[in-house]
Amino acid sequence: MPTIFDDLLERFQAYLGGVDSDLVADEVARIGWDMPVRSLEPRALGCLNHLDRIAELATPDATPLTRFVADHRDALRWGQTYTAADFGQGFIDNYGWLEVFGTRGHFVNEEVAGGLLILGPNIVYPDHHHIAEEIYIPLTGGTEWRMGEGSFHRRAAGEVIHHASNVSHAMRTGTEPLMALYLWRGGPLAQKSTIGSRGRS
Ligand SMILES: [Fe+2]
């Protein structure tokens, strides 16, 4: 009988399968989806109180995933890479991620990590960068993203955002929370990001 973790992985894959992007399709095809399960203790975070609003805001194609995550939040292991010393307590109370698969997620994968990021309303996630190459797909709209030295651009739900290795990036939310799906490949998959714009720190 499938577990809720099997169901989670299936919904994650199904969402990605519907994204109209060659980059995403190539990545989905490269992922070995038959992954061993990893037994993890559930862990809750303050940001989980945004999950119901996120499920309401998500586009219809993302609702099967976002609603499922909201309904099963207490069985999942939510994580944080930063501490209050990095971006302040307000950030920590409104930030967290769920690693569905990867080196520390609910399924074991040493090549690629995939998960969901939550940011609460009116949060700035300052410039940071990491070795891993990253694909982000916001599942809710109304957030602003920037890459490199560029300015912030509003991104719609379902847009595919690609960060090459070590390119700095930042995002900020408006009056609503964000959930974004992420995929990381290459480099240490559990690495804490380096804070600051590359070369400026
Ligand atoms: Fe990133």
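Which residue in β9 is the bridge partner of Ile135? I began the notebook with this point and found that Ile135 pairs with His162 in β9. The model I am consulting is a predicted one.

**Entry 1. Strand β6**

I next looked up the strands that pair with β6. Strand β9 covers residues 161-163, and three bridges join it to β6 in the antiparallel sense. β11 also runs antiparallel to β6, and six bridges connect the two. Within that second pairing, I noted Leu183 of β11 as the bridge partner of Ile135. Ile135 therefore has a partner in β11 and another in β9.

I then checked burial. Is β6 largely enclosed or open? I recorded five of its six residues as buried, so the rest of the structure largely encloses this strand.

**Entry 2. The iron site**

I turned to the metal. Which atoms coordinate the iron ion? I listed NE2 of His130, two OE contacts of Glu134 and NE2 of His169, at 2.1 to 2.5 Å. Along the chain, these donors follow the spacing H-x3-E-x34-H. Two of the residues come from distant parts of the chain: Glu134 belongs to strand β6 (residues 133-138) and His169 to strand β10 (residues 169-172), 35 residues apart. I found both Glu134 and His169 to be buried.

For the geometry, I looked up the angles among the four donor atoms and noted a span of 54 to 137°. The site is classed as irregular. The reason is that four donors count as tetrahedral if all angles lie between 85 and 135 degrees, and the span of 54 to 137° goes outside those limits.

**Entry 3. The cavity**

I searched for enclosed space. How many cavities of 30 Å³ or more are there? The count came to one. I recorded about 210 Å³ of space in the largest cavity. Its lining has 20 residues, and those closest to the centre are Thr81, Trp97, Tyr125, Tyr136 and Trp184.

I sorted the lining by residue class and obtained 10 nonpolar, six polar and four charged residues. By element, at least two lining residues come from each of β2 (95-102), β4 (112-119), β5 (124-129), β6 and β11 (178-185). Which strand gives the most to the lining? I noted β2, with three residues.

**Entry 4. The open sheet**

I traced a sheet of five strands. In what order do they stand? I read β8-β7-β10-β5-β12, an open sheet with antiparallel pairing. β8 (153-155) and β12 (194-195) stand at the edges with a single partner strand each, so one side of each has no neighbour in the sheet.

I then followed the pairings one by one. Strand β7 (residues 143-147) is antiparallel to β8, with three bridges between them, and Trp145 is placed opposite His153 of β8. The hairpin of β7 and β8 has five residues between the strands, and there I noted a positive phi near 60° for Gly148. Four bridges join β7 to β10, again antiparallel, with Arg172 of β10 as the bridge partner of Glu144. At the β12 edge, two bridges hold β5 and β12 in antiparallel pairing, and I found His129 opposite Thr194 in β12.

**Entry 5. Backbone angles in two loops**

I checked phi for residues other than glycine. Most such residues have a negative phi. Asn122 is not a glycine, yet its phi is positive, at about 55°. I located Asn122 in the loop between β4 and β5. It is exposed, with a relative accessible area of 58%.

Asn166 also shows a positive phi, near 65°. I placed Asn166 in the loop between β9 and β10. Is it buried, partly exposed or exposed? I entered Asn166 as partly exposed, at 23% relative accessibility.

**Entry 6. Phe87**

I closed with a helical residue. Phe87 is part of helix α5 (residues 84-87). Why does Phe87 count as buried? Its relative accessibility is 18%, and buried means under 20%. I also looked up its separation from Pro177: the two are 90 residues apart in sequence and 17 Å apart in space, C-alpha to C-alpha.

Notes:
Residues numbered from 1 in each chain as written. Predicted model: local features only at pLDDT ≥ 70, side-chain atom pairs only at ≥ 80, totals over all residues. Heavy atoms only, no water. Donors = N, O, S within 2.8 Å, 3.2 Å for Na, K, Ca; no water. Tetrahedral: all angles 85-135°; square planar, octahedral: opposite > 155°, others 65-115°. Buried < 20%, exposed > 50% of the residue type's maximum accessible area, 1.4 Å probe, protein only. 1 Å grid on protein atoms, 1.4 Å probe; cavity = no way out; pocket = protein on both sides within 12 Å on 5 of 7 lines; lining within 4 Å. Points joined across faces, edges and corners; volume = space filled by probe spheres on them. Nonpolar A, V, L, I, M, F, W, Y, C, P; charged D, E, K, R; others polar. Pairing = 2+ DSSP bridges.
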